[in-house]
Each structure stands twice: as C-alpha cells, then as structure tokens.
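Open the model in your viewer and keep the selection panel at hand. Each stop below says what to select next and what is there.

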Amino acid sequence: MNAHEIDYHIYGEEMQYVEIELDPQEAVVAEAGTFMMMDQDIKMDTIFGDGSNQDTGVLGKIFSAGKRLLTGESLFMTAFLNVGQGKKQVSFASPYPGKIVPIDLSEKGGKFICQKDAFLCAAKGVSVGIEFSKKLGRGFFGGEGFIMQKLEGDGMAFVHAGGTMAKKTLAAGETLRVDTGCIVGFSRTVDYDIEFIGGIRNKVFGGEGLFFATLRGPGTVYVQSLPFSRLASRVWAAAPRGGGKDKGEGSILGGLGDLLDGDNRF
C-alpha cells in the first residue's frame, strides 16, 4: 500500500461533506478552499503539487506542481497530518450542491480520469496529474479541452458531482452518450470520444450544442445532472440587469406581477 489507508464517512444529502478519519501519522491532501473543520491534533501544511513525490528532489516537486497549472488549479495543495496519539478527524465540504463520490483507486486499476474541477481530496500518496487527449476532435469540442485530470495510486480519492450523480457500468462495446459538461469521470478502460449531432434542426434549434460525448465500455462512468458551468449560466441569465431591475421572471406582468407574487424586492 503506497497511499495512506484512510477511513471516511460522507454526511448530508444536497450539500455534502466528507469526514476523514486519520490514524497517527496518516495524512490527506485536499484542494484549497475545500477545508471545513479538523481536530486539534491535525497539522495543516501547504505543499507543492499533490505530495506524492516529495522524495524526488526539487525538480520532481516543481514538475508535480507545474502539471496542476495546466488543469487550471493552484500550484499548491494542503496536507492534513495527524500528529496526535489517537484517531483524529478532518472534514472537507463540497463547493456547490451535489454529491461527493468516493473512488477506491485499487478497484479502478490504479487510475481514474475526471474533469478538471472535480477533485476534492485524497489519501496522501495519490498522484493528481493530467491526462492529455490524444484526439484533436475531443480536445477542441469535448467540453473539457485537451487536458483532463487523472488520479493514480492505490488509495482513496474523493470527487464532486453537481446535482444528482448517476453511476453507469458499461459492458464491452456498450456506448453511452452524454452531454459534454455532464461527465464527472470514468475508469481507465473506458474509451472517450465525441460525436457530431446530426440533423439541421438539432444543430440550429436543439439548444444542446453540436456534440455529444461518447463513452464506450467496458468500465464505469460517473455522470452529473448539474454541471457547475450550467448552474452558473442559469444564475447569470436570471441576474438583474440595468441598475438592479430584473426581468419579471415567472410573470408576464413584470414588476406588477412581482407585487402579486409577493416578490417585493424594491
């Protein structure tokens, strides 16, 4: 076992958090901004990269940290180490409504590929790297670009899915079509590509973009019902414009309708 062997418990329904239980000298690494709470004997330390290659010298640390820049993440991660005598807990919260998905990398062939902002935390020793797309079409039109994130090792990792999470197990040759933004991640045996949506009416009036993601088994695929990009676009579309005035959503009467609806935000 190269990664630290951690225990965990996930709490909540729509706004979840994961509580990690650490034995003495066990550690977990997490993305900046996900920390929620910890016991008093947990030591927090900022590290270059993911902490999986801290014994490889300065160049190894710089390379590990530099890979994270390509996925849009910070150069640094935070490690939480139990320096006490007994079991201690540290907790991490999901960034927006959805589900926290535990991934046992030892059951995934030592590798799991996920979208760039899905990673939440993992046992120390898990490598958080990058996965380059080998297909130009997938890179240009796949929604995730040329680079996705890969988690490697034999420990536990935790990723976040927006909204409700669907887990699909694909047989060999079985294909699943997914909106490109709805992919959370998939196992290393899944073949990922894109497919052009046929039909002129679908292209012009469908409102779903020009491409599907196609995921071909065997393997496991995790799909989210509410990608953050979709949530953000809906919030932006509904935000008041022009000095705080809104568009009277929900009523054809506009501001008068707001009075009747009980929406008295003046």
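Select V159 in this predicted model. Skip the neighbours within four places in sequence, and show what else V159 touches. The partners are K99, I100, V101, I103, C114, A118, F119, L120, L151 and V184.

Now widen the view to the largest nonpolar core. It counts 37 residues. V159 is among those with the most contacts inside this core, along with V18, I20, V28, F92, L151 and F158. Next, select C182, F186, A213 and L215. They belong to a second core of 14 residues, separate from the one above.

**Cysteines**

Return to C114, one of the contacts of V159. Is C114 buried or exposed? C114 counts as buried because its relative accessibility is 0%, and the cut-off for buried is under 20%. Select C121 as well: its relative accessible area is 0%, so C121 is buried too. Do not look for disulfides; the structure holds zero.

**Salt bridges**

How many salt bridges does a search of the whole structure find? It finds six. Start with K99, already listed as a contact of V159. K99 pairs with E13, and the closest N and O atoms are 3.7 Å apart. K99 sits in strand β8 (residues 98-104), while E13 sits in the loop between β1 (7-11) and β2, so this pair ties together parts 86 residues apart in sequence. With 22% relative accessibility, K99 counts as partly exposed.

Move to K87 and D23. Their salt bridge has its closest N and O atoms 2.6 Å apart. K87 is in the loop between β6 (76-82) and β7 (88-93); D23 is in the loop between β2 and β3 (27-30). The pair therefore ties together parts 64 residues apart in sequence. K87 is partly exposed at 45% relative accessibility. D23 is also partly exposed, at 24%.

Add E21 to the selection. E21, D23 and K87 are linked in a network of salt bridges.

One more pair: select K150 and E152. They form a salt bridge, with the closest N and O atoms 3.8 Å apart. E152 has a relative accessible area of 28% and is partly exposed.

**The whole chain**

Zoom out and switch to a cartoon. The protein chain has five helices and 19 strands. Of its 266 residues, 42% are buried. Now take the contacts with a separation of 6 or more: residues 24 or more positions apart account for 75% of them. Turn on the surface. The protein chain exposes about 14100 Å², and carbon and sulfur atoms supply 56% of that area.

**Confidence**

Colour by pLDDT last. The chain mean is 78, and 69% of the residues reach 70 or more. Which element has the highest mean pLDDT, and which the lowest? Strand β2 (residues 17-22) has the highest, at 96. Helix α5 (residues 255-261) has the lowest, at 47.

Select residues 248-252, where pLDDT stays under 50. For this stretch the model has six contacts beyond four places in sequence. Then select residues 259-266, where pLDDT again stays under 50. Here the model has eight contacts beyond four places in sequence. Where pLDDT is low, predicted coordinates should not be read in detail.

Terms used: Residues numbered from 1 in each chain as written. Predicted model: local features only at pLDDT ≥ 70, side-chain atom pairs only at ≥ 80, totals over all residues. Heavy atoms only, no water. Disulfide = S-S within 2.5 Å. Buried < 20%, exposed > 50% of the residue type's maximum accessible area, 1.4 Å probe, protein only. Core = buried A, V, L, I, M, F, W, Y, C linked by side-chain atoms within 4.5 Å. Contact = heavy atoms within 4.5 Å. Helix = DSSP H or I, 4+ residues; strand = E, 2+ residues; numbered from the N terminus. Areas by Shrake-Rupley, 256 points an atom, 1.4 Å probe, with all protein chains shown as cover. pLDDT = per-residue confidence, 0-100. Salt bridge = Lys/Arg side-chain N within 4 Å of Asp/Glu carboxyl O.
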